[in-house]
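User: Could you take me through one part of this structure slowly? I am new to reading protein models and would like to look closely at a single sheet.

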Amino acid sequence: MAAKPKLYYFDGRGRMESVRWLLAAAGVEFEEVLLETAEELQNLIKGGKLMYEQLPMVEIDGMMMVQTRAILRYIAGKYNLYGKDLKEQVLIDMYVEGMRDLYDIIMLSPLSLPEDKEKNFSFISEKATQRFFPVYEKALKDHGKNYLVGNQLSWADIHLLELILMVEECKSDALSAFPKLQEFKARVSKLPRIQKFLQPGSPRRPPMDEASLEAAKKIFKFEKGLLLKYSSTILAEF
Amino acid sequence: MFALSSCIQGGQQEESSSTSVLVRLFVLSCLSENQELRIMAAKPKLYYFDGRGRMESVRWLLAAAGVEYEEVLFQTAEDFKNLIKSGKLMYDQVPMVEMDGMSIVQTRAILKYIATKYNLYGKDLKERAIIDMYVEGMRDLNDMIMFFPFSLPEEKQKILNYILERATQRFFPVYEKALKDHGKNYLVGNQLSWADVQLLEVILMVEELKSDILSAFPKLQEFKARVIKLPRIQKFLQPGSPRKPPVDDASFEVSRKIYKIDKNFVLKHMS
């Protein structure tokens with residue numbers, strides 16, 4: 001029997017959460033190695049296990065995979081969540097890459113300065129409801145099928161559900177103008193593996209709070225503004 | 001239409017590969033000249049600003065694949081606004097590439113499509129995984145270089161140092177080691193892939209910032225010399241190719257004024 005995938009990260013959502021979601025949707029059990037100190041991260045680095053000295057890292061099928069997108073693509077490809085042909089793949093890619101842009105904004109917002117938090121929340125809400133959700137609402141409306149691409153569950157659907165729930169944590173009525181997305185959310189949440197992942201006790205992590213932010217800061221060095229993806233947010237050197 | 005379906009029907013009993021080639025030729029010959037030309041001659045069309053930005057990697061990859069393409073380069077803010085109004089941009093963002101009947105957006109989606117279609121993505125899922133790990137790291141470095149012109153004057157030196165440090169401490173050692181360990185000519189699977197094309201692009205861009213940046217990386221120097229000599233790459237590096245020059249302060253100021261570019265613009269409209 002193949003060894004279970006092993007996820008190396010800190011005890012929080014961060015970039016690893018999408019991996020947890022996708023493995024759960026694929027019905028793949030996994031283990032987690034949760035780092036707590038900077039020293040543990042240094043040991044991993046010294047052990048030569050991290051290609052770019054960064055997390056996330058997933059040990060899977062004899063590889064030590066890094067770079068979130070590389071990991072997600074591998075899982076999607078392996079577990080038949082990447083469409084049935086190249087054209088479906090590119091559509092899935094277009095959807096998930098857009099989602100990841102919004103995802104990154106949300107993920108980094110706990111790291112922003114307190115005085116920027118309000119601004120960030122409205123920025124997130126605005127981006128979600130003006131740029132991203134309309135695209136997926138339209139896709140579902142136009143083809144009238146249950147899933148975003150090719151009439152079967154794919155990485156795009158999993159990522160969309162994850163994203164919807166995260167946006168709703170910022171603004172609970174974020175889907176008020178999106179009836180198809182509401183149906184979509186209800187439908188995909190009910191899938192057995194997703195249900196299971198949404199239960200307490202699953203590997204799913206709660207939103208970042210002060211305590212987990214402090215825990216992350218212990219492990220990672222945060223550099224302010226250098227890579228400036230988003231004004232006044234801090235980029236973690238994961 | 002009728003002629004086409006009877007052509008296809010004729011071929012359905014046959015199984016062998018040489019016969020299927022004949023069937024395909026037969027089918028093609030049934031198409032009208034116009035249909036044939038349309039299918040075979042539709043070049044990809046790249047929509048972007050007249051500069052490198054995120055589209056440059058696409059130009060490189062198509063060139064390496066030997067695929068000719070056209071470019072629609074914005075000259076004014078109006079051009080860009082009109083494209084947004086046309087509804088062709090899924091997220092109101094460029095790059096966008098019209099190809100095979102689709103308007104593809106999101107640079108990674110575009111690059112993955114090209115790499116897969118033109119056999120530059122390894123031979124199996126595991127090779128793809130390695131290629132992905134390599135190109136995602138390169139993209140991080142690429143982004144740093146791309147955003148560099150936007151940095152404030154007082155930050156420029158610090159950011160430049162950071163970029164060079166990242167290149168020589170974090171990224172180049174990885175690719176140097178890979179080439180050293182397997183001793184092959186290409187990064188993955190002993191054949192040219194997206195990873196090799198991206199690596200050459202990144203090397204040349206960092207060299208524009210510091211010409212001797214490869215001094216501590218003998219394998220990368222050999223790699224660079226070798227890949228540069230490939231005919232399609234050679235062609236792309238000639239004057240007159242679609243390759244765009246690095247940003248210089250003067251042209252950047254012009255663009256900035258035309259498009260009112262600031263960091264927010266980039267974040268809003270470029271992915």
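Here is a walk through the sheet in chain B and the helices that lie across it.

Analyst: Happy to! Please keep in mind that this is a predicted model. Let's begin with the strands themselves. In chain B, four strands form an open sheet, and reading across it gives the order 2-1-3-4. The pairing in this sheet is mixed. Try finding the two edges: strand 2 (70–74) and strand 4 (102–105) of chain B stand there. Each of these has a single partner strand, so one side of each is left without a neighbour in the sheet. If you compare the directions of neighbouring strands, you will see that they are turned against each other by 20 degrees on average, direction ignored.

Now zoom in on one pair. Strand 1 (residues 45–49) and strand 3 (residues 96–99) of chain B are joined by three bridges, and they pair in the antiparallel sense. To follow one bridge by eye, start at B:Lys45 and look for its partner in strand 3 of chain B, which is B:Glu98.

Next, add the helices. Helix 4 (residues 56–64) of chain B lies across strand 1, strand 2 and strand 3 of chain B. Its direction makes an angle of about 155 degrees with strand 1 of chain B. Helix 6 (residues 107–117) of chain B lies across strand 3 and strand 4 of chain B, and runs at about 120 degrees to strand 4 of chain B. Strand 3 of chain B therefore appears in both lists: helix 4 lies across it, and helix 6 does too.

Conventions. Residues numbered from 1 in each chain as written. Chains lettered and ligands numbered in written order. Predicted model: local features only at pLDDT ≥ 70, side-chain atom pairs only at ≥ 80, totals over all residues. Heavy atoms only, no water. Pairing = 2+ DSSP bridges. Axes fitted to C-alpha atoms, helices over the stretch in contact; angles between N-to-C directions. Contact = heavy atoms within 4.5 Å.
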